[in-house]
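Let's take a walk through this structure together. Have the sequence and the 3D view open, and follow along as we go.

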Amino acid sequence: LSTGARWRNVNVPGEQAYKNKGVAYCPHCDGPLFKGKRVSVIGGGNSGVEAAIDLAGIVSHVTLIEFADTLKADAVLVSKLKSLPNVTIHTNAQTTEITGVSGQVNGLRYKDRVSQEEHSLALEGVFVQIGLVPNTEFLKDTLELSKFGEIVIDDKCHTNLPGVFAAGDVTTVPYKQIVIAAGEGSKAA
């Protein structure tokens, strides 16, 4: 089994309507399309902070939106992010809508979770970086899954069912990267 994972959606109005029209999930793939523009990154974990750092070198301004009261990323990444002059960070911020005009993203709305005050940002791109969802819904009650829905494997890619192997982003392997998934697939085979 190597069914992979998909980007977790933020599930707010406008996300689906503007997917690939300003809403993106891969800063490495789509970041260059926003050169010199204003963007937002939703998510303050390692993926979100790394995305914001990378995008800051391409775009005119990055606003990072994090639901929790602190960024969850590693301290060294947070320190680097805070050192960048074209980055603004909002914690305790709940994204409520991605807005657009003429079929393209033109902004993002969020609510301050402490004051309940609503805010609007004018921007051209939104990068959603709130994690991955393993494609395992069809396996419920069949194989052992982790609390995150990943297929539990051992170091030889065995699942809890004899003769069933799994590999890649759908599993409990700790690193979700193409090269790791390819190696795991080779190992499972």
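The largest pocket holds about 1200 Å³ of space. Keep in mind that we are looking at a predicted model. Which residues lie nearest the centre of this pocket? Look for Trp7, Ser47, Ile130, Gly131 and Leu132, which are part of a lining of 41 residues. Several elements share the job of lining the largest pocket: β1 (5-7), α1, α2, β6 (93-101) and β10 (132-134) each supply at least two residues. The one that gives the most is α2, with six residues.

Now step back for the overall plan. The protein has four helices and 10 strands, and if you read along the sequence, they come in the pattern β-β-α-β-α-β-α-β-β-β-β-β-β-α. The C-alpha trace spans about 55 × 35 × 30 Å along its principal axes. There are 189 residues in the protein, and 42% of them count as buried. Take the contacts between residues at least 6 apart in sequence: 52% of these join residues at least 24 apart.

Let's go back to α2, since it has another side to its story. Which residues of α2 are buried? They are Gly48, Val49, Ala51, Ala52, Ile53, Leu55 and Ala56. These buried residues pack against α1, β3, β4, α3, β5 (87-90) and β9.

That brings us to the nonpolar cores. As a rule, nonpolar side chains in soluble globular proteins tend to be buried together. Here the largest nonpolar core has 21 residues, and Val41, Val49, Val62 and Leu81 are the ones that touch the most other members. At least two residues of this core come from each of β3 (38-42), α2 (46-56), β4 (61-65) and α3 (75-83). The largest share, six residues, is from α2. Zoom in on Val62 to see how this looks up close. Not counting residues up to four places away in sequence, Val62 touches Val39, Val41, Ala52, Leu55, Ala56, Asn86, Val87 and Thr88. Apart from this core lies another one, made of 16 residues that include Val10, Val12, Tyr25 and Ile42.

Some residues named in that other core turn up again around Thr95, a residue in strand β6. Is Thr95 buried or exposed? Its relative accessible area is 8%, so Thr95 is buried. Leaving aside neighbours within four places in sequence, Thr95 is in contact with Val10, Val12, Ile42, Ile65, Leu108, Arg109 and Tyr110.

For a contrast, find Pro85 in the loop between α3 and β5. Pro85 has a relative accessible area of 80%, so it counts as exposed. You can use Val62 as a landmark here: Pro85 and Val62 are 23 residues apart along the chain, and 9.7 Å separates their C-alpha atoms.

Next, the aromatic rings. The structure holds one aromatic pair, formed by Phe34 and Phe127. In general, a pair of aromatic rings is described by the distance of the centres and the angle of the planes. For Phe34 and Phe127, the centres are 5.3 Å apart and the planes make an angle of 75 degrees, an edge-to-face arrangement. Why does this pair tie together parts that are 93 residues apart in sequence? Because Phe34 lies in the loop between α1 (27-30) and β3, while Phe127 is in strand β9 (residues 125-128). Phe34 counts as buried, at 9% relative accessibility, and Phe127 is buried too, with a relative accessible area of 0%.

Our last stop is Phe67, in the loop between β4 and α3. What sits over the ring of Phe67? The charged end of Arg113 does, 3.8 Å from the ring centre. Phe67 counts as partly exposed, at 45% relative accessibility. Its contacts, leaving aside neighbours within four places in sequence, are with Asn92, Ala93, Gln94 and Arg113. Finally, trace the chain between Ala56 and Phe67: these two are 11 residues apart along the chain, and their C-alpha atoms are separated by 21 Å.

Notes
Residues numbered from 1 in each chain as written. Predicted model: local features only at pLDDT ≥ 70, side-chain atom pairs only at ≥ 80, totals over all residues. Heavy atoms only, no water. Core = buried A, V, L, I, M, F, W, Y, C linked by side-chain atoms within 4.5 Å. Buried < 20%, exposed > 50% of the residue type's maximum accessible area, 1.4 Å probe, protein only. Contact = heavy atoms within 4.5 Å. Phe/Tyr/Trp six-rings, centres within 6.5 Å; stacked < 30°, edge-to-face > 60°. Lys NZ or Arg CZ within 6 Å of the ring centre and 35° of its normal. 1 Å grid on protein atoms, 1.4 Å probe; cavity = no way out; pocket = protein on both sides within 12 Å on 5 of 7 lines; lining within 4 Å. Points joined across faces, edges and corners; volume = space filled by probe spheres on them.
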